Amino acid sequence: MDAIPFVLDGYLAAEPEPGDREGTVSWRLSCSAGTDHLVEEAVIPCTTMEPEIAHSLLTERQPGDLLRVIGHLNLPDTADGVIRLHAESLEVLWAAPLLDADGDDADTATDVDADRNRAIAALAEALTGFGQVAPGAGPSIRIDISPTEALGSGLEHCHSFDITPDMAHRLADYVDAMSCYLDSERPDGLVLDPETIADLTELFEDIDLIGLTNTVLNATRPEHRPAVTRAMDDMFGDAPAPEDTDP
């Protein structure tokens with residue numbers, strides 16, 4: 001069967017293995033693609049006879065690296081055959097951080113890792129649902145999410161999503177709105193210019209707290225006035241007692 005020109009993005013699933021001939025190597029890519037209903041994942045075997053690619057894979061790359069493989073896809077002649085991608089060029093889209101040489105932290109799973117993995121799963125589910133409700137022109141933007149450290153066998157926490165430009169704009173709007181909300185929750189880092197501070201000071205100095213208190217208490221039923229007075233004391237300081245207001 002004729003080989004098909006093919007481009008594949010995926011994460012290096014395990015350490016590459018040298019081939020029987022010098023300058024050859026084989027490896028596996030873990031790939032995922034979002035659909036309307038699920039995230040499909042597959043592991044694709046890859047080989048190359050290009051010495052430069054083989055040297056790069058054996059000496060520079062590690063599990064977890066996000067690679068773009070360009071070559072020809074060979075389909076099996078029989079139902080029990082194996083699909084194999086023969087690489088002619090290789091591009092590194094994202095390099096996973098190097099593994100800790102001591103390996104002390106790799107033997108035990110921590111609560112932080114568990115929280116991170118749950119967060120990744122929640123984000124992946126949200127992005128999959130986002131794609132289902134935001135139709136548009138053909139997908140042309142890819143979003144990849146994964147843990148930041150070298151992945152090793154944790155490739156189940158890696159996801160890729162193809163979205164349209166319209167969806168990207170909507171997602172950016174949601175992030176901007178969320179950022180504004182979070183900023184309003186953290187005023188400590190907000191620095192106002194002197195002119196704004198002066199305007200705010202003048203605004204609050206013009207408020208007649210006694211007149212405001214009298215207006216509120218006069219509009220309040222007598223049995224509720226003590227509670228309202230205490231609430232206004234907490235808000236503005238000592239408010240006039242109900243008997244001090246206008247009848």
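**Salt bridges, helices and strands**

Colleague: R142 first: buried or exposed at its relative accessibility?

Modeller: R142 counts as partly exposed, because its relative accessibility is 39%. Buried means under 20% relative accessible area, exposed over 50%, and partly exposed in between (1.4 Å probe, protein chains only).

Colleague: What sort of model is this?

Modeller: It's a predicted model: local features need pLDDT of at least 70 and side-chain atom pairs count only at pLDDT 80 or more, while totals for chains, interfaces and linings use all residues. Residues are numbered from 1 along each chain as its sequence is written, and side-chain values use heavy atoms, with hydrogens and water left out.

Colleague: OK. Which residue does R142 form a salt bridge with?

Modeller: D162, with the closest N and O atoms 2.6 Å apart. R142 sits in strand β7 (residues 141–145) and D162 in strand β8 (residues 159–163), so this pair ties together parts that are 20 residues apart in sequence. A salt bridge here is a side-chain nitrogen of Lys or Arg within 4 Å of a carboxyl oxygen of Asp or Glu.

Colleague: And D162, does it count as buried or exposed?

Modeller: D162 counts as partly exposed, since its relative accessibility is 40%.

Colleague: Which residues are linked with R142 and D162 in a network of salt bridges?

Modeller: D9 and R68 belong to that network, along with R142 and D162.

Colleague: How many salt bridges does the structure hold?

Modeller: Seven. One of them joins D65 and R61, whose closest N and O atoms are 2.6 Å apart.

Colleague: Where do D65 and R61 stand, buried or exposed?

Modeller: Buried, both D65 and R61.

Colleague: What about R221, which residue's side chain does R221 meet in a salt bridge?

Modeller: E223, at 2.7 Å from N to O. R221 is exposed, as its relative accessible area is 53%, while E223 is partly exposed at 49%.

Colleague: Changing topic: how many helices and strands are in the protein?

Modeller: Six helices and eight strands. These are DSSP runs numbered from the N terminus: helices are H or I with at least four residues, strands are E with at least two.

Colleague: What order do the elements run in from the N terminus?

Modeller: It goes β-β-β-β-α-β-β-α-β-β-α-α-α-α, so to speak your reading map for the chain.

Colleague: Let's look at S30. Where is its place?

Modeller: S30 belongs to strand β3, which covers residues 25–34. S30 counts as buried because its relative accessible area is 12%.

Colleague: What is S30 in contact with, leaving aside its neighbours within four places in sequence?

Modeller: G10, Y11, A13, A42, V43 and L155. Contact means heavy atoms within 4.5 Å.

Colleague: Across the protein, how many of the contacts between residues at least 6 apart in sequence join residues at least 24 apart?

Modeller: That comes to 60% of those contacts.

Colleague: Now α5. Which residues are buried there?

Modeller: T213, N214 and L217 are buried in α5.

Colleague: And L209, which helix does it lie in?

Modeller: L209 is in α5 too. L209 is partly exposed, as its relative accessible area is 37%, whereas T213, N214 and L217 are buried.

Colleague: Last one: what share of the 247 residues do buried residues make up?

Modeller: Buried residues account for 27% of the 247 in the protein. S30 is one such buried residue, and so are D65 and R61.
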